[in-house]
Amino acid sequence: MVREGIAPVLNRKQDRPASEPIIEIKGLSFFYGRERVLQDVNIPIFPHRVTAVMGPSGCGKSTFLRVLNRLYELVPGARAQGEVLFRGRNILEEKVDVVELRRRIGMVFQRPNPFPKSIYDNVAYGPRIHGVRRRELNEIVERALRRAALWDEVKGRLKKSALELSGGQQQRLCIARALAVEPEVLLMDEPCSSLDPMSAARIEELIAELADGLTVVVVTHNLQQAARVSRYAGVFLAGGELAEFGLTRQVFSSPRDPRVRDYLAGRFG
Amino acid sequence: MCAALSLLALGLIAGFLLWEGGSVFEATSPGGLLGGRWWFPTSDPPSFGLLPMIVGSALVTCGALALAVPLGIGVALFVAEVAPARLRDPCKVVVEILAGIPSVVYGFFGLLVLIPWLQRTLGLPTGQTALAASMILGTMALPTVASIAEDAVTAVPSSWREASLALGATRWQTVLGVVLSAARPGILAAVLLGLGRAVGETMAVLMVSGNSPVFPPSFLRPVRTLTATLALEMAEVVVGSPHYHALFAAGGVLFLFTLTLNLAGELVGRRVRREG
């Protein structure tokens, strides 16, 4: 795209070994006014892997996601403490360019929220605001729609309103819209929770494929989904405490915290 | 029931206007009525050309909209998107108060303050001009445009704003690229209602526009609108005379004007909604 350029996806993979985190969250606490929503969270996010964040509702997992692209700032009185190092740089610092940050760390929301524009204009929105020239747009739109596994379904009606698509298609369109600005990380906030099982399954497949090209952090309260799609997993408990983090396999097979064991066994949440 | 009553009232008014106004064609032709440049209803022979007033109305209305639409949308965006939460309600109250001021007060202000000022500043023979009328009407239509546009902007779901910001758009890009386009049908409605207010307004225009029934060569000359013509002459007209019928015809033209506006607005609004 602009500035850093469209680094070919494969080169990026070799840039950094998978062992070194692309994002490191260190001692993160978060407040809405006086209320503490996250306490002392430490998580590494590894590149080209899917990291799942689980927990009962109200445990702060969506808030956690919104810290990573600083979207929490829209809420008056919200405050984050600690460090979120993205490629070594603390993004919680005041002087960080949030526009650039949000281009590099994209987001997909819980409910599909395509703009009331055409399918094409939805995907082209991001590249346009970042100054991509018109003749490059077609190619970018097609590539993003292909990566979101939507191209074949919409290629004949790109000028139609995005609101005419089904819920699952709308969510894939939102994924394409986020991919069109070539983010390095994609944050997904319960991307399947408002979809029917078939559409949800498609999105899950997609998440696994996306991890080839970028880093995915997905928040979910669906444990099976987390087990299926993620390599790493963290479990938040009420009060915003990160009770468990590690390889998904290990988190599910041998959680250290007894409360997490109960949660994963379906005893609450 | 209510719908039937409104329809009946509409039908009766339209029928009456057409019936009484139609008789003017005993004295002049449709072309002479709509295209005639001279309005001498009481001379001998009389001349019933409405064109100066039609142009006057159009000029004043367009001028008013040129003022009210950008300002109204600006106010709406400021109140809904930019202003901090604690300023929002006071702003809305001020806009509503502005909407509640009687039109004669606007006219009075225009006559005593705006017109002398225009006359001095622009060096005109008289300050009573289409420009003055446009400015007063624009101010009057502003709160209508602003408050309805503000509702439309506020109704835009915040999930669209979030999506835009999360793509790295600035607040300003989000407002222009997403919020305004999503609020388009509502803003269009605001413009049309503002237009309706401006076209139909009588008192304030009467007081500041100069009311000379001649073809206006520019914004800086006196004009007379259709509404002002009705208000000025209805008291002195002889019932049943051609002049009387000509005034009804003027009312009919005004009626058709607003009817077309409303229908056009409805159609455009529908198309915008369908396209989403």
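Is R228(A) buried or exposed in this predicted model? With a relative accessible area of 54%, R228(A) is exposed, and the legends below return to this residue together with its partner.

**View 1. The salt bridge between R228(A) and E204(A).** In this view the side chains of R228(A) and E204(A) come together in a salt bridge, with 2.7 Å from N to O. R228(A) belongs to helix α9 (residues 223-229) of chain A and E204(A) to helix α8 (residues 197-210) of chain A, so the pair ties together parts that are 24 residues apart in sequence. The two partners are set in contrasting surroundings: R228(A) is exposed because its relative accessible area, 54%, is over 50%, whereas E204(A), at 10% relative accessibility, counts as buried.

**View 2. The salt bridge between K155(A) and D152(A).** K155(A) and D152(A) form a salt bridge in which the closest N and O atoms are 3.7 Å apart. K155(A) has a relative accessibility of 46% and therefore counts as partly exposed, while D152(A), at 60%, counts as exposed. Side chains of opposite charge can pair when their charged atoms come close. Over all chains, the count comes to 22 salt bridges.

**View 3. The salt bridge between R161(B) and E81(B), and a network in chain A.** In chain B, a salt bridge joins R161(B) to E81(B), and the closest N and O atoms of this pair are 2.6 Å apart. R161(B) lies in helix α7 (residues 158-166) of chain B and E81(B) in helix α3 (residues 51-82) of chain B, so that the pair ties together parts that are 80 residues apart in sequence. Both R161(B) and E81(B) are buried. In chain A, R70(A), E73(A) and R102(A) are joined into one network by salt bridges that share partners.

**View 4. The interface between chain A and chain B.** Here 24 residues of chain A are in contact with 19 residues of chain B. The area buried between the two chains is about 1,700 Å², and carbon and sulfur atoms give 62% of this area. On the side of chain A, P116(A), Y125(A) and I129(A) supply 29% of the area that chain A buries against chain B, which is more than any other three residues. Between chain A and chain B the count is eight residue pairs in polar contact, both residues being at pLDDT 80 or more. The elements α3 (98-104), β6 (105-108), α4 (119-129) and α7 (167-179) of chain A each supply at least two residues of the side that touches chain B, and by class this side of chain A has 13 nonpolar, six polar and five charged residues.

**View 5. The salt bridge across the interface.** The count between chain A and chain B is one salt bridge. The side chains of E162(B) and R66(A) meet in a salt bridge, with a distance of 3.0 Å from N to O.

**View 6. The surroundings of N113(A).** N113(A) is found in the loop between β6 and α4 of chain A, and with 3% relative accessibility this residue counts as buried. The side chain of N113(A) makes a polar contact with the side chain of R177(A) at 2.9 Å, and the side chain of N113(A) also reaches the backbone oxygen of S159(B) at 3.0 Å. When neighbours within four places in sequence are left aside, N113(A) is in contact with C174(A) and R177(A) of chain A and with S159(B), W160(B) and A163(B) of chain B.

**View 7. Two crossing helices of chain B.** The axes of helix α8 (residues 171-182) of chain B and helix α9 (residues 184-200) of chain B come within 5 Å and cross at roughly 65°. In α8(B) the contact is made by L180(B), S181(B) and A182(B), and in α9(B) by R184(B), P185(B) and I187(B). These contact residues divide into four nonpolar, one polar and one charged. For the wider setting, chain B has twelve helices and two strands, and 43% of the 276 residues of chain B count as buried. The C-alpha atoms of chain B fill a box of roughly 75 × 55 × 30 Å, taken along the principal axes.

Terms used:
Residues numbered from 1 in each chain as written. Chains lettered and ligands numbered in written order. Predicted model: local features only at pLDDT ≥ 70, side-chain atom pairs only at ≥ 80, totals over all residues. Heavy atoms only, no water. Contact = heavy atoms within 4.5 Å. Buried area = accessible area lost by both parts, 1.4 Å probe. Salt bridge = Lys/Arg side-chain N within 4 Å of Asp/Glu carboxyl O. Polar contact = N/O pair within 3.5 Å; in protein donor to acceptor, adjacent residues only side chain to side chain. Helix = DSSP H or I, 4+ residues; strand = E, 2+ residues; numbered from the N terminus. Nonpolar A, V, L, I, M, F, W, Y, C, P; charged D, E, K, R; others polar. Axes fitted to C-alpha atoms, helices over the stretch in contact; angles between N-to-C directions. Buried < 20%, exposed > 50% of the residue type's maximum accessible area, 1.4 Å probe, protein only.
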